[in-house]
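Q: Could you take me through one part of this model closely, the place where two helices pack against each other? I'd like to see how that part fits into the rest of the chain.

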Amino acid sequence: MCTLIFMFLLITAFTHTVNAQCSICTKTAQQLGEGPAQGLNSGIMYLMFTPFILVGLIGYRWYKTNKDAEEMPDLNNNIL
């Protein structure tokens, strides 16, 4: 878990500004000006990362559940 947190901090520390806009959004952002364009870009990034975070959380829970199930002894096979 500590490694995962370290990797996340390392990745976020060395990221560059990303413009996540299609051609229509870019044209609209140019007409809005600098401030609203930054807000539009942040909203697009938020909408883009939300599914990745959800899938990551579901995958982590699935991994953790399967790992815990494998570590538990099988009580049915221990009955003599």
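A: Happy to! First, a word on how the packing is described: a helix axis here is a line fitted to C-alpha atoms over the stretch in contact, and the angle between two axes runs from 0 to 180 degrees between N-to-C directions. Please keep in mind that this is a predicted model.

With that in hand, look at helix α2 (residues 23-32) and helix α3 (residues 34-71), whose axes lie 8 Å apart and meet at an angle of about 150 degrees. Because angles over 145 degrees count as roughly antiparallel, α2 is roughly antiparallel to α3. On the α2 side, the contact is made by C25, A29 and L32. P36, A37, L40 and I44 are the residues that α3 brings to it. Sorted by class, this contact has seven nonpolar residues, with no polar and no charged ones. As for spacing along a helix, an α-helix has 3.6 residues a turn, so residues three or four places apart point the same way.

Between the two helices, just after α2, sits G33, which takes a positive phi of about 110 degrees.

Two further residues of α3 are worth a look. N41 is found in this helix, and its relative accessible area is 7%, so it is buried, the cut-off being under 20%. Its C-alpha atom is 9.1 Å from that of T26, although N41 and T26 are 15 residues apart in sequence. G39 also has its place in helix α3. With a relative accessible area of 44%, G39 is partly exposed. The C-alpha atoms of G39 and A29 are separated by 9.3 Å, and the two residues are 10 apart along the chain.

How well covered is α2 itself? Hardly: of its 10 residues, the count of buried ones is one.

Now for the setting. The protein chain has three helices and zero strands, running α-α-α from the N terminus on. The remaining helix, α1 (residues 2-13), has 12 residues and should span 16 Å at 1.5 Å a residue; its end C-alpha atoms are 16 Å apart, which agrees. The number of buried residues in α1 is zero, so this helix lies largely in the open.

The chain as a whole can be described in similar terms: buried residues make up 6% of its 80 residues. About 7,500 Å² of the protein chain is exposed, and carbon and sulfur atoms supply 69% of that area.

Note on methods. Residues numbered from 1 in each chain as written. Predicted model: local features only at pLDDT ≥ 70, side-chain atom pairs only at ≥ 80, totals over all residues. Heavy atoms only, no water. Helix = DSSP H or I, 4+ residues; strand = E, 2+ residues; numbered from the N terminus. Expected span 1.5 Å × (residues − 1). Buried < 20%, exposed > 50% of the residue type's maximum accessible area, 1.4 Å probe, protein only. Parallel < 35°, antiparallel > 145°, perpendicular 65-115°, else oblique. Contact = heavy atoms within 4.5 Å. Nonpolar A, V, L, I, M, F, W, Y, C, P; charged D, E, K, R; others polar. Areas by Shrake-Rupley, 256 points an atom, 1.4 Å probe, with all protein chains shown as cover.
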